[in-house]
Amino acid sequence: MLEPVMFTGGVYKHDLVIELVEDLGGYLLQKNVTQSEVILLLLVPAEDLRILEDLTKELRGELTRAPLAGTEVAVVTPTLAIHHLPHTACDIAEYLRRNGAKSNMIGLARGVGREIAQINEYETALINEHDAAVFIFGNFVKCIIKKEELYKGVNIPVVVTGGPEIPKGEMPYAFEYVSSVGRIAHRSKKANEIGNLDRIVAAVGRALDKMRADIEKDPLTTSPPRVMDVVREQVPDIERSYSPLPIALNLNGCRIKLPYDEYHDAIGNVMFDEGVMLKEIARILPSRMKNYTLVRILPESETGMVF
């Protein structure tokens, strides 16, 4: 099992960390360099984590668990209109990103109003392409409870945020509810506001850990980072993508930011060292997001193999 971790340290000799992770059979997901500091999002075999911890200590860096690394999280708000104060949505999306997730903000077309709010089939399907979702509501108890209709049909874990305290039993379709995060007319800066963002990240992390545990019961045929590597090697056009993250990982696959119509054959035909093509162990689908290509890896129970 691969453990998601974040390395923070100096730029000097950080290549040693990358080389060690690759030698251990792990993967580098993302690398951010800011002046004299570097942040690496990594997947490392759990049994070899101690070796990386020793190297991190030697380099005087910091290694922390990052349960959000290698995932995509949808941040959903009833609207992104400025007069509905989307500051909270911006803060949550940014904070999830800082903790390793690829976050995407989604504003619903008709999500406003307690009685008339609705979500259409396209929006539901788009949210379901993510690993988890955060629905951001306001300050009124009846409104928050009534709007469970918006995420009732979503089949990924949903974390709901709002202002008032609401018992979990009142919201049976939510994975968790995080209170004290209502409609705010400014960006989060105070200590208690940053603490609320930490609670949201922790709730999303618990939801993702539960999904990982569920996947372990019927393991995927291969890991999403390995699919990412072979696509990078055998579909060179991915390097021409203007997206800052051309391949976004999910827990059960990945989103490849190339047009489905032009590239689904090339992606499906990439070959692993075991002599198996990707299309034999995964479903290649059109994504609802900009007609990108979506890869969903089949579990061992369907292919009869794991590598």
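**View 1. Aspartate 54 and arginine 50 in helix H2.** Being four residues apart in helix H2, aspartate 54 and arginine 50 are separated by about one helical turn. In this predicted model, the two residues form a salt bridge whose closest N and O atoms are 3.8 Å apart. Side chains of opposite charge can pair when their charged atoms come close. Arginine 50 also meets the side chain of glutamate 53 in a salt bridge, at 3.4 Å from N to O. Arginine 50 and glutamate 53 both belong to helix H2 (residues 49–58), where three residues, about one turn of the helix, separate them. Arginine 50 counts as exposed, with a relative accessibility of 58%. Aspartate 54 is partly exposed at 41%, and glutamate 53 is likewise partly exposed, with a relative accessible area of 33%.

**View 2. The salt bridge between arginine 187 and aspartate 91.** The closest N and O atoms of arginine 187 and aspartate 91 are 2.6 Å apart in this salt bridge. Arginine 187 lies in the loop between strand S9 (176–178) and helix H6 (191–217), whereas aspartate 91 is found in helix H3 (residues 87–98), so the pair ties together parts that are 96 residues apart in sequence. Aspartate 91 is buried, with a relative accessible area of 7%, while arginine 187 is partly exposed at 39%. Elsewhere, Glu3, Arg65, Asp209 and Arg212 are joined into one network by salt bridges that share partners. The structure holds 17 salt bridges in total.

**View 3. Strand S7 between strands S5 and S8.** Strand S7 (residues 132–136) is mostly covered, with five of its five residues buried. In a regular strand the side chains alternate between the two faces of the sheet. On one side of S7 are Ala132, Val134 and Ile136, and on the other are Ala133 and Phe135; these residues are all buried, and both faces of the strand are thus covered. Strand S5 (residues 72–77) runs parallel to S7 and is joined to it by four bridges. Within this pairing, alanine 74 has alanine 133 of S7 as its bridge partner. Four bridges also join S7 to strand S8 (residues 158–161), again in the parallel sense. Here phenylalanine 135 stands opposite valine 160 of S8. Phe135 also belongs to an aromatic cluster with Phe137 and Tyr151.

**View 4. The open sheet of strands S10, S11, S13 and S12.** Four strands form an open sheet in the order S10-S11-S13-S12, with antiparallel pairing. Strand S10 (247–250) and strand S12 (282–286) stand at the edges; each has a single partner strand, so one side of each is left without a neighbour in the sheet. From one strand to the next, the twist averages 20°. Strand S11 (residues 253–256) pairs with strand S13 (residues 293–297) over four bridges, in the antiparallel sense. One residue pair in this view is arginine 255 with its bridge partner in S13, leucine 294.

**View 5. Helices H7 and H8 on the open sheet.** Helix H7 (residues 224–234) lies across S10, S11 and S13, and runs at about 160° to S10. Helix H8 (residues 260–268) lies across S11, S12 and S13, and its direction is at about 170° to S12. Both helices lie across S11 and S13.

**View 6. The aromatic pair of phenylalanine 272 and phenylalanine 307.** The structure holds four aromatic pairs. Phenylalanine 272 and phenylalanine 307 form one that is edge-to-face, with 5.3 Å from centre to centre and 70° between the planes. Phenylalanine 272 lies in the loop between H8 and helix H9 (278–281), and phenylalanine 307 in the segment after helix H10 (300–303), so the pair ties together parts that are 35 residues apart in sequence. Phenylalanine 272 is buried, with a relative accessible area of 2%, whereas phenylalanine 307 is partly exposed at 22%.

**View 7. Confidence along the predicted chain.** The mean pLDDT of the chain is 89, and 99% of its residues reach 70 or more. Among the elements of the chain, S13 has the highest mean pLDDT, at 95, and strand S2 (residues 27–34) the lowest, at 82.

Note on methods: Residues numbered from 1 in each chain as written. Predicted model: local features only at pLDDT ≥ 70, side-chain atom pairs only at ≥ 80, totals over all residues. Heavy atoms only, no water. Pairing = 2+ DSSP bridges. Helix = DSSP H or I, 4+ residues; strand = E, 2+ residues; numbered from the N terminus. Axes fitted to C-alpha atoms, helices over the stretch in contact; angles between N-to-C directions. Contact = heavy atoms within 4.5 Å. pLDDT = per-residue confidence, 0-100. Phe/Tyr/Trp six-rings, centres within 6.5 Å; stacked < 30°, edge-to-face > 60°. Buried < 20%, exposed > 50% of the residue type's maximum accessible area, 1.4 Å probe, protein only. Salt bridge = Lys/Arg side-chain N within 4 Å of Asp/Glu carboxyl O.
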